[in-house]
Each structure stands twice: as C-alpha cells, then as structure tokens.
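Reader: Could you take me through one part of this model in detail? I would like a close look at how the protein meets one of the DNA strands.

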Number of protein chains: 2
Amino acid sequence: MEEHKENVGKENDKELDEETLFVVSQTFKALSDPTRIRILHLLFHKEYPVNGIAENLQLRQSTVSHQLRFLKNLRLVKYRREGTTLYYSHDDEHVMHMLKQTIDHACHS
Amino acid sequence: MEEHKENVGKENDKELDEETLFVVSQTFKALSDPTRIRILHLLFHKEYPVNGIAENLQLRQSTVSHQLRFLKNLRLVKYRREGTTLYYSHDDEHVMHMLKQTIDHACHS
DNA sequence: TGCATATATTAACATATGCTCATATTATAT
DNA sequence: ATATAATATGAGCATATGTTAATATATGCA
C-alpha cells in the first residue's frame, strides 16, 4: 500500500530519490549506445529472431544476444518462442516513442 | 543546399545513417548519468552558478564544471556571465521534456 | 599592479562498457 | 540417445567514462 514514490504531486522541486535516479539513468543508458539504437530501430515495425537481427545489422550473434539481454532486463524488449527460435519485439511504447522523436529530431537538423 | 538527411519522408524503415546514430546516442548519453540528470533536474526551474549547483547537489566544483562542459557541447545548457559568475540554464526544450516525462514515468511506477 | 573570487582545465586513476571468441544451454527432430 | 539449429553465457580485452586533486585562467576591484 505505502509504496508510492516522492514527488507525486505537482511540486517536483525536491532532489530526486536514488531509485528514481537509477531507473531514469538506466532507461537513457539503454538508448545511449549505437548498437542498441539500431536494434530497437529495427524492431520498430516487426519482430525478429536473434540471427535475423545479427544478419540485418551485420553484428555477431553474441553481440546481439548480449544487448538483447540488456534490453530485456529493462523490459524494453520481449520475446516469443517458436521451436528453437526466439522472436524479439519491443515492449515499451514510451521508450520507443522517445527514440522515434529523437531520431526525427536529429534527422531534420 | 543538398544537406538534408535520409529518411525525411514517412518511410523510416531504412538503416540509420552514421551521423544520426551518433547524435541520437550522444543525446541519450547525456541523460544516462545520475550526476547530469541531477544537474538538469536542478536547472529545470531556474538558472544556477556553478558553485550553486555544486553546493545544492553536494558535488565538487570540478565535477560540476566537467559535466556542464559536456552538456554545453551538446547545447543542452547555456550560460550568461555576471562578473566572474556564470549562470547556467537549460537550453533544449525537447530534451528537458523527455527528461521530465521519464522521471514522472519512473516516479509513478 | 596585485589580490580575491569563480570557473575551467589537465592528468591520473578506478570503474564501467561493449565486443569477441569459445563454450554451454535449450529445444527439436531423427 | 544423438545430432542439429538457435540462442545464451562467461572470460578476456580494449576503450570509454566519471571523479578527483592540483593547477590554470579570467574577471573585478582596491
């Protein structure tokens, strides 16, 4: 019950608590690496298996797998299994929207 | 004249070009560090001198100065001079909006 | 000019990050 | 049970990053 955070009202002037700081920084950290950006950008429209991502982006399978684990831990991607193949897709609309906005912003500069 | 980027239309399916990738990743990298988040969060409502930021956030002067240079290079902050004092303030509405959104998102989780 | 205040810069250090190779795991089919 | 395909994991390495102390720079003023 008592699990609401600080600063829930309209007064967000106080210092950020440590947990919020951590979550926010981790979220942006996910978007701060070119490889992860490329992966999320690829997943924008449709799901891909790990090898599909690797082939599309010219990356090693282990590189993709490591980054997908990173993104999975932050719940930015999810997967569904089909045999031995795992189809990954994005799982955070807010983050994907920020990414799209920022890409558009950068493209039009 | 010919300096527009790729993917300016509605078809953003192609791979991201290297420059866009760099700008986007740098932008998010700025927001991926707790210290920089705290600084930008402090600058949300009003300007502060370097020492004011340091005192408020309990950081060394050199730490603040380094991070402000980082943010300044990305045009995320600006400053005005008054004597020997430099008053820093935010300078990118889009980024500040994303930061606020993500903080709120994290707070309410 | 000389001094004080505010800020910037440099170099050093410890830690974090991302990629790679090699290997392990998992599921499926024979 | 064995083999195969797809993915995950671990260790090692090079580079990036953030903080710090020490020092330099710049501005204003006596």
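Author: Happy to help; here is a walk along the surface near DNA strand C, ending with a pair of helices in chain A. Please keep in mind that this is a predicted model.

Around DNA strand C there are 24 residues, and the closest come from both chains: T35(A), R36(A) and Q67(A), along with H66(B) and Y88(B). Sorted by class, this surface has 14 polar, 6 charged and 4 nonpolar residues. On the DNA side, 64% of the strand C atoms within 4 Å of the protein belong to sugar or phosphate, and the rest to bases.

Let's turn to individual phosphate contacts. The side chain of Y88(B) has an N or O atom 2.6 Å from a phosphate oxygen of strand C. V50(B) uses its backbone instead, with an N or O atom 3.2 Å from a phosphate oxygen. From chain A, a polar side-chain atom of R60(A) lies 3.4 Å from a phosphate oxygen. The elements that give two or more residues to this surface are α2 (34-42) and α4 (61-73) in chain A, and α3 (50-57), α4 (61-73) and β3 (85-90) in chain B. The most comes from α4(B), with 5 residues.

Now for one of those elements, α2(A), and how it packs. Its axis comes within 11 Å of the axis of α3(A), residues 50-57, and the two cross at roughly 115°, so α2(A) is roughly perpendicular to α3(A). The crossing is right-handed. Here R38(A), I39(A) and L42(A) of α2(A) meet I53(A), N56(A) and L57(A) of α3(A). By class, that contact has 4 nonpolar, 1 polar and 1 charged residues.

Methods:
Residues are numbered from 1 along each chain as its sequence is written. Chains are lettered from A and ligands numbered from 1 in the order in which they are written. This is a predicted model: local features need pLDDT of at least 70, side-chain atom pairs count only at pLDDT 80 or more; totals for chains, interfaces and linings use all residues. Side-chain values use heavy atoms; hydrogens and water are left out. A residue is near a molecule or strand if one of its heavy atoms lies within 4 Å of it. A polar contact is a pair of N or O atoms within 3.5 Å; within protein, one must be able to donate a hydrogen and the other to accept it, and residues adjacent in sequence count only if both atoms are side-chain atoms. Helices (H or I, at least four residues) and strands (E, at least two) are DSSP runs, numbered from the N terminus. Ala, Val, Leu, Ile, Met, Phe, Trp, Tyr, Cys and Pro count as nonpolar, Asp, Glu, Lys and Arg as charged, and the others, Gly among them, as polar. Axes are lines fitted to C-alpha atoms, for helices over the stretch in contact, and angles run from 0 to 180 degrees between N-to-C directions. Angles under 35 degrees count as roughly parallel, over 145 as roughly antiparallel, 65 to 115 as roughly perpendicular and the rest as oblique. A crossing is left-handed if the near helix is turned anticlockwise from the far one by less than a right angle, and right-handed if clockwise. Contact means heavy atoms within 4.5 Å.
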